[in-house]
Amino acid sequence: QVQLVESGGGSVQAGGSLRLSCAISGSIFSVNFMGWYRQAPGNPRELVASSTSGDIIYYADSVKGRFTISRDNALNTVDLLMISLKPEDTAVYYCTANIRTRWDTRQYWGQGTQVTVSS
């Protein structure tokens, strides 16, 4: 059974930093897309940052220059370093990955971790 487990959320003041981590466990063959989405109350879930196995990196315009995504393909982990946090970054952050197992290839999601930024 494949699981994505996130850690590192919390509450910080504006200007502060947090690092989110996501670890993939289970019997997997390969991981292509890995990324972080977020969802604030009343808003749709949005892609914040992503990384493909081909090292193609994407950042939403709202986080460029402040967030950095990094992945460790050997450990099957993906981190999101967030600096200069703003109140509008407050949301539940979800790790996601496109994973190939012996049975299929599909997208998996973590349970979400709350990030709260106070002004």
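What follows leads from the overall form of the protein chain to the surroundings of two of its residues, Tyr 59 and Gly 110. The structure is a predicted model, and the values given here are to be read with that in mind.

The secondary structure of the protein chain consists of 11 strands and 0 helices, so that, read from the N terminus on, its elements follow one another as β-β-β-β-β-β-β-β-β-β-β. The radius of gyration of this chain is 14 Å, close to the 14 Å that the globule rule gives for 119 residues, and the chain is therefore as compact as a globular protein of that length. Along its principal axes, the C-alpha trace spans about 45 × 25 × 25 Å.

Of the 119 residues, 42% count as buried, while the surface that the protein chain exposes comes to about 6300 Å², with carbon and sulfur atoms supplying 48% of that area. Among the contacts with a separation of 6 or more, 55% are accounted for by residues 24 or more positions apart. As for charge, the chain carries 10 positive and 9 negative charges, and the mean positions of these two sets are 4 Å apart.

Two residues show the chain at closer range. Tyr 59 belongs to strand 6, which covers residues 57–59. Leaving aside residues up to four places away in sequence, Tyr 59 touches Val 48 and Ala 49 on the one hand, and Lys 64, Phe 67, Thr 68 and Ile 69 on the other. The last of these partners, Ile 69, is 10 residues from Tyr 59 along the chain, and the C-alpha atoms of the two are separated by 8.6 Å. The side chain of Tyr 59 nevertheless reaches the backbone nitrogen of Ile 69, at 2.9 Å.

Gly 110 has its place in a loop, the one between strand 10 (105–109) and strand 11 (113–118). Is Gly 110, in this loop, buried or exposed? Its relative accessible area is 11%, and because buried means under 20%, Gly 110 counts as buried. Apart from residues up to four places away in sequence, the residues that Gly 110 touches are Leu 4, Glu 6, Tyr 94 and Cys 95. With one of them, Leu 4, the separation in sequence is 106 residues, whereas the C-alpha to C-alpha distance between Gly 110 and Leu 4 is 4.6 Å.

Terms used. Residues numbered from 1 in each chain as written. Predicted model: local features only at pLDDT ≥ 70, side-chain atom pairs only at ≥ 80, totals over all residues. Heavy atoms only, no water. Helix = DSSP H or I, 4+ residues; strand = E, 2+ residues; numbered from the N terminus. Buried < 20%, exposed > 50% of the residue type's maximum accessible area, 1.4 Å probe, protein only. Contact = heavy atoms within 4.5 Å. Polar contact = N/O pair within 3.5 Å; in protein donor to acceptor, adjacent residues only side chain to side chain. Rg over C-alpha atoms; globule rule 2.2 N^0.38 Å. Areas by Shrake-Rupley, 256 points an atom, 1.4 Å probe, with all protein chains shown as cover. Lys, Arg positive; Asp, Glu negative; His and termini not counted. Charge placed at Lys NZ, Arg CZ, Asp CG, Glu CD.
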